[in-house]
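Visitor: I should be grateful for a close look at a single part of this model, followed outward into its surroundings. Please keep the account connected, and take the helices and the ligands in turn.

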Amino acid sequence: MRRALALASAVVLAAAFGACGGDPSAPDSPPPPTSTLDAADTTALDAGAPDASDAGPAYAFDLPPGFPRPRVPADNPMSEAKVALGRRLFYDKRLSGNGSQSCGSCHQQSLAFTDGRARGIGSTGAAHPRSAQSLANVGYVSTLTWAHPQLRELETQALTPLFGTEPVELGMRDPADVVARLRGDPVYEDLFPRAFPETASPFTFENVPRALAAFQRTLLSGWSEYDKHIAGQASAFGASEKRGLELFFSEELECYHCHGGFLFSDSVAHAGSTFFEALFHNTGLYNIDGNGAYPADNPGLFEITTNPADMGRFRAVSLRNVAVTAPYFHDGSAATLDDVLDHYAAGGRTITTGPHAGVGSASPLKDELVRGFTLTAEQRVDVLAFLRSLTDTRFLSDPRHSDPFAADAGP
Ligand code: HEC
Ligand code: HEC
């Protein structure tokens, strides 16, 4: 299903960006280098010269302490006007076929840009097989969505929710219709030329995903109590959080191997990165047939690569703001962080009844770092306290990221 989606995006991309011949494998922008995915966990994808992706040094990102600059494609430099345009487009329901949804419907700021649902529901009511992801720090994500090794640019990703048909999300059909709906709106008539001053006709569809991407690159989150603690500032990061941090980074729990670094994720790329790391892991959530099978609508990386070893492998998503992004995992199958810890403590999830029954801990495809461990009641409280300390309340209510159509919209 994701393959079909990816293909649909490529077709739209080719159409929208003016590639000739309609060959979905030959969009205007060069296709990513061929992936050399194998059974190993590390896959380095050459991203070319590091500085090629860092355009727009003039733009002043409001970087959290210790964060590197996000990657910015050379052909889509950042500017305040472009971010303002992108913010408005992100929240504009005219970007859905029936006018009922915007990007912001499934990516709500107060929930760190998730929607609180186990699985997304599109504008026509269609259920998405997967859970809407947080967009906090999404400009640093090396491969976008839950399990797609080649989807690396926000400019490309936006085409899937706009035009995807399996499932329908925003349900737009025609790039020209997107522009037609926005034309004549004085705010857009003003913003498009200011956002794209270098082009003679700035009010085009191609500039819609570009502006959306620019706005999303400003969704920076790194001002949590944990960050204040690391920076040596006064914070609510107390003894329990500190013990939890030590457990999180311990060889017994192993969390940090996959959720390490400034994003608490091992799938990160920034302006200084010299190569892409595309990492995907099977954490033993399912083992339907004893051979490690996941439900048919969510086989993970396997869906793209068709390599049997990739069954059930997903991206280790960032744990920043994780306390507000429930329910958890690609299919929202864990309701609480307690449930998440139960899964890891057992070294894989056991499902006793129903079509998905199986013992995840016995999966032959499970990552060897998901081994299981024992936590005392106090240690469990500590790990949870640490995870909650990653919530950045400033980010969740930052007026710069809020809905400009709301009555109490920020500047
Ligand atoms: C119907 C709900 C819905 C709508 C509307 C929606 N999204 Fe999403 N979004 C999702 C889901 C579900 C995923 C996970 C997709 C997957 O893994 O296949 C996702 C993933 C993403 C990601 C990847 C994040 C990451 O960490 O890799 C980005 C970026 C994103 N959406 C941006 C957008 C933008 C921009 C729009 C508007 C053009 C939009 N979304 C509209 C549900 C939605
Ligand atoms: C082998 C790598 C690996 C290890 C070790 C690991 N994780 Fe994960 N984590 C993942 C992957 C991959 C996912 C997504 C899995 C999925 O949805 O199928 C994930 C998802 C999560 C989520 C859900 C996030 C969300 O927004 O849905 C939480 C919370 C989490 N992990 C916490 C932890 C904690 C706590 C530990 C240590 C006890 C840990 N992880 C150890 C790879 C790992």
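Guide: Alanine 136 counts as buried, because 27 other C-beta atoms lie within 10 Å and 20 or more are enough for that class. The model is a predicted one. Alanine 136 is placed in the loop between H3 and H4. Leaving aside residues up to four places away in sequence, alanine 136 touches Ala112 and Phe113, then Leu219 and Ser221, then Ser318, Arg320 and Asn321, and finally Phe395. Leucine 396 stands 260 residues from alanine 136 along the chain, and the C-alpha atoms of the two are separated by 9.4 Å.

The two helices that flank this loop lead to ligand 1. Helix H3 (103-106) and helix H4 (154-157) each supply at least two residues of the shell around that ligand, as do helix H5 (159-163) and helix H8 (207-217). The greatest contribution comes from H3, with three residues. The shell around ligand 1 numbers 29 residues, of which Cys103, Cys106, Gly120, Thr145 and Pro161 come nearest. Divided by class, that shell holds 15 nonpolar, 11 polar and three charged residues.

H8 also packs against another helix. Its axis and that of helix H2 (residues 80-90) come within 7 Å and cross at roughly 100°. H2 is therefore roughly perpendicular to H8. On the H2 side the contact is made by Lys82, Val83, Leu85, Gly86, Arg87, Leu89 and Phe90, which meet Val208, Ala211, Leu212, Ala214 and Phe215 of H8. Nine of the residues in this contact are nonpolar, one is polar and two are charged.

H2 has a further partner in helix H7 (residues 186-195), where the axes come within 8 Å and cross at roughly 140°. This angle makes H2 oblique to H7. The crossing of H2 with H7 is left-handed. Here Ala81, Lys82, Ala84, Leu85 and Arg88 of H2 meet Val187, Leu191, Phe192, Arg194 and Ala195 of H7. The contact of H2 with H7 comprises seven nonpolar and three charged residues, with no polar ones.

A second ligand site can be described in the same manner. Around ligand 2 there are 24 residues, and Cys255, Cys258, Ala316, Phe329 and His330 come nearest. Helix H11 (255-258) and helix H13 (337-345) are the elements that give two or more residues to this shell. Its composition is 16 nonpolar, six polar and two charged residues.

H13 also borders the loop that holds alanine 309, the other end of that loop being helix H12 (302-305). Alanine 309 has 17 C-beta neighbours inside 10 Å and therefore counts as partly exposed. The C-alpha atom of alanine 309 is separated by 6.8 Å from that of leucine 365, although the two residues are 56 apart along the chain.

One more helix pair remains. The axes of helix H10 (residues 239-248) and helix H14 (residues 377-388) come within 7 Å and cross at roughly 95°. H10 and H14 are therefore roughly perpendicular to each other. From H10, the residues Ser240, Glu241, Arg243, Gly244, Leu245, Leu247 and Phe248 meet Gln379, Val381, Asp382, Val383, Ala385 and Phe386 of H14. By class, this contact of H10 with H14 contains seven nonpolar, three polar and three charged residues.

Methods. Residues numbered from 1 in each chain as written. Chains lettered and ligands numbered in written order. Predicted model: local features only at pLDDT ≥ 70, side-chain atom pairs only at ≥ 80, totals over all residues. Axes fitted to C-alpha atoms, helices over the stretch in contact; angles between N-to-C directions. Helix = DSSP H or I, 4+ residues; strand = E, 2+ residues; numbered from the N terminus. Parallel < 35°, antiparallel > 145°, perpendicular 65-115°, else oblique. Contact = placed C-beta atoms within 7 Å. Nonpolar A, V, L, I, M, F, W, Y, C, P; charged D, E, K, R; others polar. Near = placed C-beta within 6 Å. Left-handed = near helix turned anticlockwise from the far one by under 90°. Buried ≥ 20, exposed ≤ 12 C-beta atoms within 10 Å, placed from the backbone.
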